[in-house]
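Trainee: Could we go through some of the terms people use for a structure like this?
Mentor: Sure, let's take a look at it together.

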Amino acid sequence: IYAKWNPVTHTVSFDVDGGSTIPAQTIAHGEKATEPPSPTKVGHTFVGWYTSSTGNTPFNFDTAITGATIVYAKWNPLTYTVSFDVDGGNTIPAQTIAHGEKATEPPPPTKAGHTFVGWYTSSMGNTPFNFDTAITGATTIYAKWNPVTHTVSFDVDGGSTIPAQTIAHGEKATE
């Protein structure tokens, strides 16, 4: 008479932390899990498989499985440059923002002869930029300006009246 043994099996699960699904594996006691293909996650680069969600110790796929095991994906977020086009104003430094995070609104720039209106999504200045927007790619934010105006009055010393002119800063009055 011979004894027949069925091996105990354990489940190896893959916690992808929002990435593409990786199916669990059923592994016989003492055997090794197979390293799956790398998952994908929008806006992130896959770093590797780890023994905990903190991602401190890489998981070794040569380890014998002796119980239910969870293997954790570790990700690095992509980063993007947020640039500020100041259209002749003082320079505002670019920001490096992690995928899904928000840019920080810089202090208003200055430009001689102009009043700063705000930050916009295009150079046309039609849509204000919302600094609560998640950054998902390289972004340029545009300063919008209104020119300061000056009044040019004419002293005709008793002659016929000449109406005053409102002139944008840096422009010339009409004779």
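**Salt bridges and strands**

Mentor: Lys-41 and Asp-17 join their side chains in a salt bridge, at 3.6 Å from N to O. Keep in mind that this is a predicted model, where local features need pLDDT of at least 70, side-chain atom pairs count only at pLDDT 80 or more, and totals for chains, interfaces and linings use all residues. Residues are numbered from 1 along each chain as its sequence is written, and side-chain values use heavy atoms, leaving out hydrogens and water.

Trainee: Why is the pair Asp-87 and Lys-111 called a salt bridge?
Mentor: A salt bridge needs a side-chain nitrogen of Lys or Arg within 4 Å of a carboxyl oxygen of Asp or Glu. Here the N to O distance is 3.5 Å, so the pair fits the rule. Asp-87 sits in the loop between β5 (79-85) and β6 (95-98), and Lys-111 in the loop between β6 and β7 (114-120), so parts 24 residues apart in sequence get tied together. Strands here are DSSP runs of E, at least two residues, numbered from the N terminus.

Trainee: What makes Asp-87 partly exposed?
Mentor: Buried means under 20% relative accessible area, exposed over 50%, and partly exposed in between, with a 1.4 Å probe and protein chains only. Asp-87 has 47%, so it counts as partly exposed.

Trainee: How do you know that β5 and β8 pair?
Mentor: Two strands pair if DSSP finds at least two bridges between them. β5 and β8 (residues 139-147) are joined by 4 bridges and run parallel, so they pair.
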